[in-house]
Amino acid sequence: MISITVTALVFGVIFLAELPDKTALAGLVLGSRYRASYVFAGVAAAFLVHVVLAVAAGSVLTLLPQQLVHALTGVLFLGGAAVLLLKRDEDEEEIKKPADQSFWKVAGTGFMLILVAEFGDLTQIMTANLAARYDDPLSVGLGAVLGLWAVAGLGIVGGKALMKRVPLRLITQIAALLMVGLGVWSLYEAIAG
């Protein structure tokens, strides 16, 4: 059974954390050069692989004592908030243009770019933390993949317009604030539990 509350919470956290990331920029660049649906297919597949790996890792953490899991996820959320607040703007990576623009070439380029660039990324670690925190792999996985797909879609279709209207710094601060809240709550549960 999927929890709408957990799915919505995970969606919000992952969406906000991924917006200021290099993925939105990569999607924007790919979307401006190639057919958007082809780019999205590749990017979406790569994110699905990342979420499955993260949820599996988080599910393994649920085998540990509950207080230890709460303490660990609390510290990791606070660390994630610090990373968001302290990270510098990243330069846009050069993306090689495939020789032809067939579905498989374009989708493959998007897939490989995201697969490599996002491995071990903050949102993948956060997804593992959320899977451990809520012990609800389907809800966490669904919320995370939808959040990542939404950011990718925005980046591919209209990232430039969004970034003109909403300051990137504000998005980053909101995501960090959410992660601080989750971190403090998890640490409280570790101490009180």
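**Exercise 1. How many cavities of 30 Å³ or more does the structure hold?**

Solution. Before counting, a word on what you're looking at: this is a predicted model, where local features need pLDDT of at least 70, side-chain atom pairs count only at pLDDT 80 or more, and totals for chains, interfaces and linings use all residues. Residues are numbered from 1 along each chain as its sequence is written, and side-chain values use heavy atoms, with hydrogens and water left out.

Step 1: settle the term. A cavity is a set of points, on a 1 Å grid over the protein atoms alone, where a 1.4 Å probe fits but cannot get out. Grid points are joined across faces, edges and corners, and a volume is the space filled by probe spheres set on the points.

Step 2: count. The structure holds 2 cavities of 30 Å³ or more.

**Exercise 2. Describe the second largest cavity and its lining.**

Solution. Step 1: take the volume, which is about 60 Å³ for the second largest cavity.

Step 2: list the lining residues, meaning those with an atom within 4 Å of a point. For the second largest cavity they are F47, H50, V51, A54, E118, D121, T123, Q124, T127 and L148.

Step 3: assign them to elements. Helix 3 (36-61) and helix 6 (122-134) are the elements that give two or more residues to this lining. Helix 3 gives the most, with 4 residues.

Step 4: sort by class. Ala, Val, Leu, Ile, Met, Phe, Trp, Tyr, Cys and Pro count as nonpolar, Asp, Glu, Lys and Arg as charged, and the others, Gly among them, as polar. That gives 4 nonpolar, 4 polar and 2 charged residues in the lining of the second largest cavity.

**Exercise 3. Sum up the secondary structure and the burial of the chain.**

Solution. Step 1: know the rule. Helices (H or I, at least four residues) and strands (E, at least two) are DSSP runs, numbered from the N terminus.

Step 2: apply it. The protein chain has 8 helices and 0 strands, and reading along the sequence you get α-α-α-α-α-α-α-α.

Step 3: look at burial. Buried means under 20% relative accessible area, exposed over 50%, and partly exposed in between (1.4 Å probe, protein chains only). Of the 193 residues in the protein chain, 45% count as buried.

**Exercise 4. Find the salt bridge and say which parts it ties together.**

Solution. Step 1: the test is a side-chain nitrogen of Lys or Arg within 4 Å of a carboxyl oxygen of Asp or Glu. By this rule there is 1 salt bridge.

Step 2: name the partners. E189 pairs with R133, and their closest N and O atoms are 2.8 Å apart. E189 lies in helix 8 and R133 in helix 6, so the bridge ties together parts that are 56 residues apart in sequence.

Step 3: check how covered each partner is. E189 counts as partly exposed because its relative accessibility is 21%, while R133 is buried, at 9%.

**Exercise 5. Which residues make the nonpolar surface patch of about 400 Å²?**

Solution. Step 1: recall how patches are built. They use residues with over 30% relative accessible area and no salt bridge: like charges are joined within 9 Å, nonpolar side chains (Val, Leu, Ile, Met, Phe, Trp, Tyr) within 5 Å. Accessible areas come from the Shrake-Rupley method with a 1.4 Å probe, and for residues only the protein chains shown count as cover.

Step 2: pick out the members. The patch is made by I2, F11, L138, L142 and L146. Helix 7 (residues 137-165) supplies the largest share, 3 residues.

Step 3: zoom in on L138, which sits in helix 7. L138 counts as exposed because its relative accessibility is 56%.

**Exercise 6. Follow I174 to residues elsewhere along the chain.**

Solution. Step 1: place I174 in helix 8 (residues 168-192). At 38% relative accessibility, I174 counts as partly exposed.

Step 2: go to A17 in helix 1 (residues 4-18), which is buried at 3%. A17 and I174 are 157 residues apart along the chain, with their C-alpha atoms separated by 8.6 Å.

Step 3: try A81. Its C-alpha atom is 9.7 Å from that of I174, with their positions 93 residues apart along the chain.

**Exercise 7. What is notable about the phi of D135?**

Solution. Step 1: start from the background. Most residues other than glycine have a negative phi.

Step 2: compare. D135 has a positive phi of about 45° although it is not a glycine.

Step 3: locate D135 in the loop between helix 6 and helix 7. With 53% relative accessibility, D135 counts as exposed.

Conventions
1 Å grid on protein atoms, 1.4 Å probe; cavity = no way out; pocket = protein on both sides within 12 Å on 5 of 7 lines; lining within 4 Å.
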